[in-house]
Amino acid sequence: MAPVQYIVEGGHRLGGTIEPSGNKNAALPIIAAALLTEHKVTLENVPRIRDTETLVELIRSVGASAEWLERNTLEIHAKDVRAADLDPELCARIRASILLAGPLLARCGEVALPPPGGDVIGRRRLDTHFLAFEQLGATVTATHRLEFRATRLKGADVFLDEPSVTATENALIAAVAAHGTTHLRNAASEPHVQDLAHFLVALGARIEGIGTNTIIIHGPAKLGGARYVIQPDHIEVGSLIGLAAVTRSPLRIARAGVEHLRSIRMGFERLGIVCGVEGDDLVVPSGQTMKIHDDFGGHVPKLEDQPWPAFPADLMSIAIVTATQCDGVILMFEKMFESRMFFVDKLISMGARIVLCDPHRAIVAGPSRLRGALMTSPDIRAGMAMLLAAVAAEGTSTINNADQIERGYERIEERLNALGARITRVPARDSH
Ligand SMILES: CC(=O)N[C@H]1[C@@H](OP(=O)(O)OP(=O)(O)OC[C@H]2O[C@@H](n3ccc(=O)[nH]c3=O)[C@H](O)[C@@H]2O)O[C@H](CO)[C@@H](O)[C@@H]1O
Ligand SMILES: C=C(OP(=O)(O)O)C(=O)O
């Protein structure tokens with residue numbers, strides 16, 4: 001894909017209604033899990049983004065047929081699959097290539113995967129994946145390739161060493177095919193993990209404890225086909241709340257999946273941004289106080305990320321840019337990734353008042369006026385945070401490496417322009 005640049009004319013108020021795409025991090029494990037069944041699967045509301053397109057290419061390369069019936073409807077038929085050599089370049093493009101391990105191990109008894117890619121936001125360990133596969137009866141060899149082998153996967157009582165999202169997903173997929181009952185303890189429970197579990201149930205799997213940190217899977221399941229709708233992307237909804245706030249604009253986020261927004265709304269409420277709920281729509285009114293809530297006694301408050309159901313790591317960059325426009329001081333504490341906060345130097349050069357204390361903590365004092373700047377997107381969420389800053393800033397900004405943003409957000413410039421933003425998408429002219 002050719003590199004892309006966004007030229008953003010900032011300072012315009014937005015307004016209107018926008019609908020979030022399907023959840024990227026649900027679509028990816030669900031596309032991978034479609035390899036578990038020999039029957040046809042139709043997925044609706046699949047975000048048509050670089051990550052899903054890459055995974056579709058990968059599943060085709062192992063013998064599955066995958067056709068886009070409509071822009072966001074994908075039909076997958078994995079009648080025959082083979083654990084053929086997977087393209088290292090494609091695997092390195094996305095973190096989710098590791099999610100092929102579970103289904104291919106279950107279907108073929110072995111798989112060798114080149115290392116996965118994904119956002120460069122700090123060390124991304126795979127140990128929890130290995131731990132789970134080994135306890136389910138597989139042997140794992142990790143050299144320049146990751147090799148998994150199992151003549152017969154067997155149910156087990158597995159305690160994950162941390163609630164890793166993709167490790168939980170891989171283990172869940174493998175456990176559906178394993179003989180006997182699996183208890184997955186200390187499991188991740190993010191909305192995308194729940195969505196994957198519901199998809200597996202739609203195929204015929206027997207799973208209890210969906211949405212909790214102990215998932216019980218009774219295998220092996222006789223799987224059929226299914227038609228399944230991917231849930232809305234709560235991270236995109238959070239990004240849109242941030243967009244409304246920094247541009248002081250009223251936005252209605254239609255079909256927002258409000259049941260999964262509690263911790264996200266609570267995080268923004270700490271920044272003085274209160275959303276209303278109307279049916280399944282989330283309404284962000286203009287005229288927010290944007291006043292950071294001090295802790296009791298006037299102490300400096302903190303917003304930190306944690307595994308679900310707490311405030312998600314993937315919204316930390318968005319929360320930081322939002323806080324620059326709020327009145328007060330807050331400590332932003334990113335606990336999961338050690339490189340996700342480095343992008344704040346760009347916000348600082350735009351006029352934000354931020355002290356990066358260490359790789360995990362930044363103090364934001366607001367509000368500050370942002371000026372347009374030249375930026376480069378290091379990862380999906382920092383890129384989206386830069387886009388929010390650019391839309392809110394006075395003057396024109398250029399965001400290089402905007403294809404990173406498009407890994408996670410579908411047609412974002414077109415959809416934000418429909419709300420009144422002025423973003424021009426052009427082929428990249430330089431790489432600064
Ligand atoms: C394709 C996909 O779904 N990617 C998501 C998935 O990545 P991914 O599954 O790779 O992330 P993990 O859940 O494995 O862990 C993320 C990081 O957090 C650390 N960690 C995790 C749990 C914990 O209790 N303590 C802790 O420190 C891990 O060591 C790791 O460094 O989950 C991440 C965490 O929500 C998200 O940022 C990614 O967008
Ligand atoms: C980190 C992310 O994605 P990935 O795990 O695919 O790199 C993200 O969605 O913010």
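## A guided tour, from a proline loop to two ligands

Start by selecting proline 367, which you will find in the loop between β20 (361-366) and β21 (374-376). Keep in mind throughout that this is a predicted model. Now add glycine 366 to your selection: the peptide bond from glycine 366 to proline 367 is cis, with omega near 0°.

A second stop of this kind is proline 220, placed in the loop that links β12 (214-219) with β13 (226-229). Here the bond to look at runs from glycine 219 to proline 220; this one is also cis, and its omega is near -5°. Next, move to arginine 248, in the loop between α8 (234-246) and β14 (251-253). Its phi is near 50°, a positive value in a residue other than glycine. Why stop at such spots? Because most residues other than glycine have a negative phi, and most peptide bonds are trans.

**Colour the domains**

Zoom out and colour the chain by its domain assignment: domain 1 covers 4-21 + 233-427, and domain 2 covers 24-229. The C-alpha centres of domain 1 and domain 2 are 30 Å apart. Where they touch, domain 1 supplies 20 residues and domain 2 supplies 16 residues. On the domain 1 side of this contact, you will meet seven nonpolar, five polar and eight charged residues.

**Follow helix α1**

Select helix α1 (residues 24-33) together with helix α7 (residues 191-203); they pack at an angle of about 30°, and their axes are 8 Å apart. The two helices, α1 and α7, are therefore roughly parallel to each other, and their crossing is right-handed. To see the contact itself, show Asn25, Ala26, Pro29, Ile30 and Ala33 on α1, then His192, Asp195, Leu196, Phe199 and Leu200 on α7. Sorted by class, the residues in this contact are seven nonpolar, two polar and one charged.

Now keep α1 on screen and swap α7 for helix α2 (residues 50-61). The angle between α1 and α2 is about 5°, with 10 Å between their axes, so α1 and α2 are also roughly parallel to each other. For this contact, show Lys24, Ala27, Leu28, Ile31 and Ala32 from α1, along with Asp51, Thr52, Leu55, Val56 and Ile59 from α2. This contact has seven nonpolar residues, one polar residue and two charged residues.

**Visit the ligands**

Which residues are closest to ligand 1? Select Asn25, Ser164, Val165, Thr166 and Met336, the closest of the 21 residues that surround ligand 1. Two elements, α1 and α6 (165-177), each give two or more residues to this shell, and α6 gives the most, with three residues. The shell around ligand 1 holds eleven nonpolar, four polar and six charged residues. Your domain colours are handy here: at least three residues of this shell come from each of domain 1 and domain 2.

Finish at ligand 2, which has eleven residues around it. Pick out the closest ones, Arg95, Gly118, Asp119, Asp314 and Arg381. How does the shell around ligand 2 divide by class? Four of its residues are nonpolar, three are polar and four are charged. Turn the domain colours back on for a last look: the shell around ligand 2 takes at least three residues from each of domain 1 and domain 2.

How values were computed: Residues numbered from 1 in each chain as written. Chains lettered and ligands numbered in written order. Predicted model: local features only at pLDDT ≥ 70, side-chain atom pairs only at ≥ 80, totals over all residues. Near = placed C-beta within 6 Å. Nonpolar A, V, L, I, M, F, W, Y, C, P; charged D, E, K, R; others polar. Domains from an automatic or database assignment. Axes fitted to C-alpha atoms, helices over the stretch in contact; angles between N-to-C directions. Helix = DSSP H or I, 4+ residues; strand = E, 2+ residues; numbered from the N terminus. Parallel < 35°, antiparallel > 145°, perpendicular 65-115°, else oblique. Left-handed = near helix turned anticlockwise from the far one by under 90°. Contact = placed C-beta atoms within 7 Å.
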